[in-house]
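Colleague: I am new to this structure and would like a close look at a single part of it. Please take the place where the two helices pack, and then show me how the surroundings tie in.

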Amino acid sequence: MTVLPVPDAAVIVVAAGSGTRLGAAAPKAFVGIDAHTVLWHALLPVFATARPVQLIIVVPEGLEGEANTEAMDAAASVSGIHIVGPAL
């Protein structure tokens with residue numbers, strides 16, 4: 001059994017904006033920048049830190065699954081990541 005460190009910090013990413021001011025058809029966090037979304041880019045520094053953290057992502061209702069996919073994709077792009085806990 002692998003024992004992972006218990007996070008002593010949390011990161012809350014508020015990605016619940018509607019994108020109205022941006023003029024986008026989708027919420028801002030889910031708008032694409034290059035091949036990835038704004039949310040994916042926002043999560044990279046969180047996953048790149050060597051410190052274990054609890055990650056909480058706040059998204060509009062109904063986009064929980066898409067946010068989970070973006071988080072898992074961003075985590076996979078950074079080596080040495082261990083995802084522990086519930087995923088939607």
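Modeller: What follows starts with the overall layout, turns to the helix pair, and then goes through some residues around it. The model is a predicted one, and the values below are computed from it.

The protein has 2 helices and 4 strands. Along the sequence these elements come in the order β-β-β-α-β-α. Of the 88 residues in the protein, 24% are buried. If one takes the contacts between residues at least 6 apart in sequence, 64% of them join residues at least 24 apart.

Now the helix pair. Two packed helices are described by the angle between their axes and by the distance between those axes. Here the two partners are helix H1, residues 38–48, and helix H2, residues 64–76. Their angle is about 50 degrees, and the axes are 9 Å apart. H1 and H2 are therefore oblique to each other, since an angle that falls between 35 and 65 degrees is in neither the roughly parallel nor the roughly perpendicular class. The crossing of H1 past H2 is right-handed. On the H1 side, the contact is made by Leu39, Trp40, Leu43, Leu44 and Phe47. On the H2 side, Ala67, Glu70, Ala71, Asp73, Ala74 and Ala75 take part. Sorted by class, this contact has 9 nonpolar residues, 2 charged residues and no polar ones.

Glu70, one of the H2 residues in that contact, also leads to a strand. Threonine 37 belongs to strand S3, which spans residues 36–37. The side chains of threonine 37 and glutamate 70 make a polar contact of 2.7 Å. Apart from neighbours within four places in sequence, threonine 37 is in contact with Glu70 and also with Ala29, Phe30, Val31 and Gly32. Threonine 37 has a relative accessibility of 9% and so counts as buried, the limit for that class being under 20%.

On the other side of S3 in the sequence is a loop residue, aspartate 34, placed between strand S2 (32–33) and S3. Aspartate 34 has a phi near 50 degrees, which is a positive value in a residue other than glycine. With 61% relative accessibility, aspartate 34 counts as exposed, because that class takes values over 50%.

Within H2 there is also asparagine 68. Its relative accessibility is 19%, so asparagine 68 counts as buried. The C-alpha atoms of asparagine 68 and isoleucine 57 are 8.7 Å apart, while the two residues are 11 apart in sequence.

Next comes the stretch that follows H1. Arginine 51 sits in the loop between H1 and strand S4 (54–58). A polar contact of 3.0 Å joins its side chain to that of aspartate 8. Residues up to four places away in sequence aside, arginine 51 touches Asp8 and Ala9. Proline 7 is 44 residues from arginine 51 along the chain, yet their C-alpha atoms are separated by 7.8 Å. At 46% relative accessibility, arginine 51 counts as partly exposed, because this value lies between the limits of 20% and 50%.

Strand S4 itself contains valine 58. Valine 58 has a relative accessible area of 34% and is therefore partly exposed. Leaving out neighbours within four places in sequence, valine 58 is in contact with Ile12, Val13, Val14, Ala15 and Ala16. Between the C-alpha atoms of valine 58 and isoleucine 12 the separation is 7.4 Å, and the two residues are 46 apart along the chain.

To return to the part you asked about, H1 and H2 pack at an angle of about 50 degrees, and glutamate 70 of their contact is joined by a side-chain polar contact to threonine 37.

Terms used. Residues numbered from 1 in each chain as written. Predicted model: local features only at pLDDT ≥ 70, side-chain atom pairs only at ≥ 80, totals over all residues. Heavy atoms only, no water. Axes fitted to C-alpha atoms, helices over the stretch in contact; angles between N-to-C directions. Parallel < 35°, antiparallel > 145°, perpendicular 65-115°, else oblique. Left-handed = near helix turned anticlockwise from the far one by under 90°. Contact = heavy atoms within 4.5 Å. Nonpolar A, V, L, I, M, F, W, Y, C, P; charged D, E, K, R; others polar. Buried < 20%, exposed > 50% of the residue type's maximum accessible area, 1.4 Å probe, protein only. Polar contact = N/O pair within 3.5 Å; in protein donor to acceptor, adjacent residues only side chain to side chain.
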